[in-house]
Amino acid sequence: MTNKQVNILLVEDDYLDIMNVERELKKIGITYPIHVARNGREALNMLRGDGVAKISPAPSVILLDINMPKMNGLELLVELRTEPEFSHIPVFIMTTSNEETDRMAAQKLNVTGYIVKPMSFDNFENSHSSLDSFTLFLDLIKLK
């Protein structure tokens, strides 16, 4: 076993979606700290420690909504990929969007996975890409 501390950053502006993600993670036994930012700007501030407590250690994984106010998920992803401190963090896009343009933009920014909301792990057998993404997500955050 490793003593690596695991943190999850959830960037989501919808309160019900935040509750849903937290509930679903608890349901499958994920009990790592979840830091919540309501938009990309707030997430950057939390990562950098600008005006708020810095997430430390840096998140092991980021769950990121695309459509948010102030700074959307793709804009945040561009910022993350240009900063060496954060460029390596695996990012999973979570969105209600099935738009191919969103998927392509996210892929160009090296997302780790793309999960279509609502997030429910009971129904993952209906979507192989979501199941693959979620399996990879679990592998990334498990303590070995």
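Which residue in β2 is the bridge partner of Ile8? Keep that question in mind as you open the viewer. What you have on screen is a predicted model, and we'll walk through it one selection at a time.

**Stop 1: the whole chain**

Start with everything shown as a cartoon. You should be able to find five helices and five strands. Trace the chain from the N terminus and the elements come in the order β-α-β-α-β-α-β-α-β-α. The chain has 144 residues, and 46% of them count as buried.

Now switch on the surface. The chain exposes about 7,500 Å², and carbon and sulfur atoms supply 51% of that area. One more number before we zoom in: of the contacts in the chain with a separation of 6 or more, 66% are between residues 24 or more positions apart.

**Stop 2: a pair of strands**

Select residues 8-11, which are strand β1, and residues 34-37, which are strand β2. These two strands pair in the parallel sense, over four bridges. Here is the answer to the opening question: click on Ile8, and its bridge partner in β2 is Ile34.

Next, add helix α1, residues 15-27, to your selection. Together, β1, α1 and β2 make a right-handed β-α-β unit. Try turning the view around and following the path from β1 over α1 to β2.

**Stop 3: a patch on the surface**

Stay with helix α1 and pick Tyr15, which sits in it. Is Tyr15 buried or exposed? Tyr15 counts as exposed, because its relative accessibility is 53% and the cut-off for exposed is over 50%. Now add Leu16 and Met19 to the selection. With Tyr15, they make a nonpolar surface patch of about 330 Å². Colour the three residues on the surface to see the patch they form.

**Stop 4: Arg48 and its two partners**

Time for some charged side chains. By the rule used here, the model has three salt bridges. Show Arg48 and Glu79 as sticks: their side chains meet in a salt bridge, at 3.2 Å from N to O. This pair links distant parts of the chain, with Arg48 in helix α2 (residues 40-48) and Glu79 in helix α3 (residues 73-82), 31 residues apart. Both ends are partly exposed: Arg48 has a relative accessible area of 28%, and Glu79 comes in at 29%.

Keep Arg48 on screen and add Glu83. These two side chains also meet in a salt bridge, this time at 2.2 Å from N to O. Glu83 lies in the loop between α3 and β4 (91-95) while Arg48 is in helix α2, so the pair ties together parts that are 35 residues apart in sequence.

How does Glu83 count, buried or exposed? Glu83 is buried, since its relative accessible area is 17% and buried means under 20%. Leaving aside neighbours within four places in sequence, Glu83 is in contact with Leu44 and Arg48, so show Leu44 too if you'd like the full set.

**Stop 5: another salt bridge**

Move on to Glu85 and Lys54. Their side chains meet in a salt bridge at 3.1 Å, N to O. Glu85 lies in the loop between α3 and β4 and Lys54 in the loop between α2 and β3 (61-65), so this pair ties together parts that are 31 residues apart in sequence. Glu85 is partly exposed, with a relative accessible area of 41%, and Lys54 is partly exposed as well, at 43%. As for Arg48, Glu79 and Glu83, salt bridges that share partners join them into one network.

**Stop 6: Phe86**

For the last stop, select Phe86, in the loop between α3 and β4. Is Phe86 buried or exposed? Phe86 is buried, with a relative accessible area of 1%.

What does Phe86 touch? Not counting residues up to four places away in sequence, Phe86 touches Leu47, Arg48, Leu80 and Arg81. Draw a distance between the C-alpha atoms of Phe86 and Leu47: they are separated by 8.3 Å, although the two residues are 39 residues apart along the chain. You'll recognise Arg48 among the residues that Phe86 touches; Arg48 is also the residue that meets Glu79 and Glu83 in salt bridges.

Methods: Residues numbered from 1 in each chain as written. Predicted model: local features only at pLDDT ≥ 70, side-chain atom pairs only at ≥ 80, totals over all residues. Heavy atoms only, no water. Patch = residues over 30% accessible without salt bridge, like charges linked within 9 Å, V, L, I, M, F, W, Y side chains within 5 Å. Areas by Shrake-Rupley, 256 points an atom, 1.4 Å probe, with all protein chains shown as cover. Salt bridge = Lys/Arg side-chain N within 4 Å of Asp/Glu carboxyl O. Buried < 20%, exposed > 50% of the residue type's maximum accessible area, 1.4 Å probe, protein only. Contact = heavy atoms within 4.5 Å. Pairing = 2+ DSSP bridges. Right-handed = clockwise from strand over helix to strand, strands pointing away.
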